[in-house]
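Subject: Structure handover

Hello,

Here is the structure for you to look through. My notes on it follow below.

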Amino acid sequence: MRWWDIDPVLELEKDLFPEDAWSRGMFWSELAHARGAEATRRYLVAEGEDRIVGYAGLASSGDQADVQTIAVARDLQGTGLGGRLLEELLRAATAFECHEVLLECRVDNVRAQKLYERYGFEPIGFRRGYYQPGNVDALVMRLITDQATEETTEEKNHG
């Protein structure tokens, strides 16, 4: 994702998340941390039919990453695009050397929860009233990466 993608991404954001859509400033702030040697973010867009049809973002901090957002245009939901975006974010988490990936998902978004479960995410808790202004709870999910498992195994073998 680049700065010139923000306007079409905002259109999609407002369509998909009308109550709690991100602002232009939020996207600018995230993109400011997505470039250069000190980058801690990875944001990408999916294009099709001369328009942006999806986007996703990941933030890293130490050995932990957070999926910030994944969105797919309504007419392409259920086509596998969300999974492809998630796969790219998981590759970014690996590149950032993160051993754990977290995310929040609306408790009423069962389709997204099933997608995350297919990729190995497990529910670990709730955040009450996380999504405002609707006061909707978030399900917190976590994925421990293979990289972390391999290192733990190596530590046991060499410890």
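Which ring does the charged end of Arg106 sit over? The ring is that of Tyr131, and the charged end of Arg106 is 5.7 Å from its centre. Please keep in mind that the model is predicted.

Salt bridges

Arg106 is also part of the charge pairing. Side chains of opposite charge can pair when their charged atoms come close. The structure has 10 salt bridges. In one of them, Asp20 pairs with Arg106, with 3.8 Å between the closest N and O atoms. Asp20 is in the loop between α1 and α2, while Arg106 belongs to strand β4 (residues 100-106), so this salt bridge ties together parts that are 86 residues apart in sequence. Arg106 has another such partner in Asp108, at 3.0 Å from N to O. Asp20, Arg106 and Asp108 are thus to be read as a network of salt bridges. Arg106 has a relative accessibility of 21% and therefore counts as partly exposed, since buried means under 20%.

Another salt bridge joins Asp137 and Arg128, whose closest N and O atoms are 2.9 Å apart. Arg128 counts as exposed because its relative accessibility is 64%, and the cut-off is over 50%.

Aromatic rings

A pair of aromatic rings is described by the distance of the centres and the angle of the planes. There are 6 aromatic pairs in the structure. One of them is Trp3 with Trp4: the ring centres are 5.5 Å apart and the planes stand at 80°, so the pair is edge-to-face. Both Trp3 and Trp4 are exposed. The pair of Phe27 and Tyr55 is edge-to-face too, because its planes are at 80°, with the centres 6.0 Å apart. Phe27 is in helix α2 (residues 24-32) and Tyr55 in strand β2 (residues 51-61), so the pair links distant parts of the chain, 28 residues apart. Phe27 and Tyr55 are both buried. They belong to one aromatic cluster together with Trp22 and Tyr43.

Surface patch

Trp3 is found in the segment before α1 (6-16), and its relative accessible area is 53%. With Trp4 and Trp28, Trp3 forms a nonpolar patch on the surface, and the accessible area of the three together is about 420 Å².

Cysteines

The count of disulfides is 0. Cys98 is buried, at 0% relative accessibility. Cys105 is buried as well, with a relative accessible area of 3%.

Regards

Technical notes: Residues numbered from 1 in each chain as written. Predicted model: local features only at pLDDT ≥ 70, side-chain atom pairs only at ≥ 80, totals over all residues. Heavy atoms only, no water. Disulfide = S-S within 2.5 Å. Buried < 20%, exposed > 50% of the residue type's maximum accessible area, 1.4 Å probe, protein only. Phe/Tyr/Trp six-rings, centres within 6.5 Å; stacked < 30°, edge-to-face > 60°. Helix = DSSP H or I, 4+ residues; strand = E, 2+ residues; numbered from the N terminus. Lys NZ or Arg CZ within 6 Å of the ring centre and 35° of its normal. Patch = residues over 30% accessible without salt bridge, like charges linked within 9 Å, V, L, I, M, F, W, Y side chains within 5 Å. Areas by Shrake-Rupley, 256 points an atom, 1.4 Å probe, with all protein chains shown as cover. Salt bridge = Lys/Arg side-chain N within 4 Å of Asp/Glu carboxyl O.
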